[in-house]
Amino acid sequence: MSLAVGDAGFSYGGIPVFTSLSFVVAPGEAVAVVGANGAGKSTLLRCLAGAEVLDAGSVLLDGEVLDESSAAARSAVASLLDDADYFPDVSVVEHLRLLAWLHGTAEPEGEVLGVLAELGLDEVRDRLPPALSSGQRHRLGLASCFVRPRRLLVLDEPEQRLDAQGRAWLRERLAAEKAAGVAVVFASHDHDLVEAVADRTVTL
Ligand SMILES: Nc1ncnc2c1ncn2[C@@H]1O[C@H](COP(=O)(O)OP(=O)(O)OP(=O)(O)O)[C@@H](O)[C@H]1O
């Protein structure tokens with residue numbers, strides 16, 4: 001899926017967060033959004049995932065205006081934003097099964113078991129989210145993106161709370177996503193990840 005951001009602007013209470021921002025991401029490309037704390041990275045990603053609406057400009061997915069109420073758009077865009085939340089009484093494996101089923105994953109159980117193993121969540125598969133460590137909860141957020149079909153990945157600081165092995169895994173996984181034709185936009189403070197994965201950067 002291609003993403004085109006054109007002349008985008010967003011403000012909170014009349015205070016601009018970003019203005020006149022334009023960039024494109026083609027299928028198989030990754031763009032990293034970088035900048036200091038408070039620069040507007042999370043806000044931009046929220047606009048790309050349809051969780052906030054731009055004040056100005058446009059977000060186009062394959063040339064169509066992003067409409068988060070469209071089932072087609074929701075089925076194409078997998079996002080991990082800064083406010084990820086989970087049902088407190090649904091276990092890790094049940095969350096992933098639910099998402100795989102909701103989004104029509106072809107072989108849901110195989111996909112869920114594969115992603116659990118890949119993210120090192122096997123041991124905690126029957127735990128409830130409040131009983132996970134913060135790193136494990138973040139891994140559940142990443143797993144939620146990878147158990148479902150996706151053509152655009154929008155990830156806010158996907159490296160956060162990951163150990164060294166987890167960060168190495170993330171670099172490889174995002175490279176594999178690009179190779180599979182997925183467009184990737186991610187905000188990051190991890191220079192190594194940006195260097196390894198991004199084709200271009202957008203600096204806020
Ligand atoms: N709900 C809100 N209401 C008002 N201002 C907000 C709100 N959310 C964020 N802001 C402000 O918007 C600006 C951009 O915040 P944002 O979270 O997008 O930055 P960021 O680049 O993701 O920062 P960080 O690197 O710390 O995660 C900041 O000045 C922040 O204080």
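Trainee: Which residues does L99 touch, if residues up to four places away in sequence are not counted?
Mentor: We are looking at a predicted model, and the positions discussed here should be read in that light. L99 is found in helix α3, and its C-alpha atom is separated by 10.0 Å from that of P149, although their positions lie 50 residues apart along the chain. With residues up to four places away in sequence left out, the residues that L99 touches are S144, V147 and R148.

Trainee: Is L99 buried or exposed?
Mentor: A residue counts as buried if 20 or more other C-beta atoms lie within 10 Å of its own. For L99 the number of other C-beta atoms within 10 Å is 20, so this residue is buried.

Trainee: Which residues of helix α3 are buried, and why do they line one face of the helix?
Mentor: Helix α3 covers residues 92–102, and its buried residues are V92, H95, L96, L99 and A100. An α-helix has 3.6 residues a turn, so residues three or four places apart point the same way. Seen down the axis of α3, the buried residues therefore line one face of the helix, because they fall within an arc of 125 degrees.

Trainee: Against which helices do the buried residues of α3 pack?
Mentor: The positions to consider are V92, H95, L96, L99 and A100, the buried ones of α3. Their packing partners are two helices, one spanning residues 108–118 and the other 134–146, named α4 and α5.

Trainee: How do α3 and α5 lie to one another, roughly parallel or oblique?
Mentor: Two packed helices are described by the angle between their axes and the distance between the axes. For α3 and α5 the angle is about 25 degrees and the axes are 9 Å apart. Since angles under 35 degrees count as roughly parallel, the description of α3 and α5 is roughly parallel.

Trainee: Which residues make the contact of α3 with α5, and how do they divide into nonpolar, polar and charged?
Mentor: The crossing of these two helices, α3 and α5, is right-handed. From α3 the contact draws on V92, H95, L96 and L99, and from α5 on L140, A143 and S144. Sorted by kind, the residues of this contact of α3 with α5 are 5 nonpolar, 2 polar and no charged.

Trainee: Is α3 oblique or parallel to α4?
Mentor: Here the axes of α3 and α4 are 9 Å apart, and the packing angle is about 135 degrees. Angles over 145 degrees would count as roughly antiparallel and 65 to 115 as roughly perpendicular, with a separate class for angles under 35. The angle between α3 and α4 falls in none of these classes, so the relation is oblique.

Trainee: How do the residues of the contact of α3 with α4 divide?
Mentor: The crossing of α3 and α4 is right-handed. In this contact V93, L96, R97, A100 and W101 of α3 meet P108, E111, V112, V115 and L116 of α4. By kind, the residues of the contact of α3 with α4 are 8 nonpolar, no polar and 2 charged.

Trainee: How many residues of helix α1 are buried?
Mentor: Helix α1 spans residues 41–48, and the buried ones are K41, T43, L44, L45, R46, C47 and L48. Among the elements that cover these buried residues of α1 are β1, β2, β3, β4, β7 and β8. The helix α1 is thus mostly covered, and of its 8 residues the number buried is 7.

Trainee: Where is S58, and which residues does S58 touch?
Mentor: S58 has its place in strand β4, and with 13 C-beta neighbours inside 10 Å it counts as partly exposed. Its C-alpha atom is separated by 7.9 Å from that of A4, a residue 54 places away along the chain. Not counting residues up to four places away in sequence, the residues that S58 touches are G6 and V65.

Trainee: What value is phi of D62 near?
Mentor: Most residues other than glycine have a negative phi, and most peptide bonds are trans. D62 is found in the loop between β4 and β5, and it counts as partly exposed with 15 C-beta neighbours inside 10 Å. Its phi is positive in a residue other than glycine, and the value is near 50 degrees.

How values were computed. Residues numbered from 1 in each chain as written. Predicted model: local features only at pLDDT ≥ 70, side-chain atom pairs only at ≥ 80, totals over all residues. Buried ≥ 20, exposed ≤ 12 C-beta atoms within 10 Å, placed from the backbone. Helix = DSSP H or I, 4+ residues; strand = E, 2+ residues; numbered from the N terminus. Arc of directions from axis to C-beta. Contact = placed C-beta atoms within 7 Å. Axes fitted to C-alpha atoms, helices over the stretch in contact; angles between N-to-C directions. Left-handed = near helix turned anticlockwise from the far one by under 90°. Nonpolar A, V, L, I, M, F, W, Y, C, P; charged D, E, K, R; others polar.
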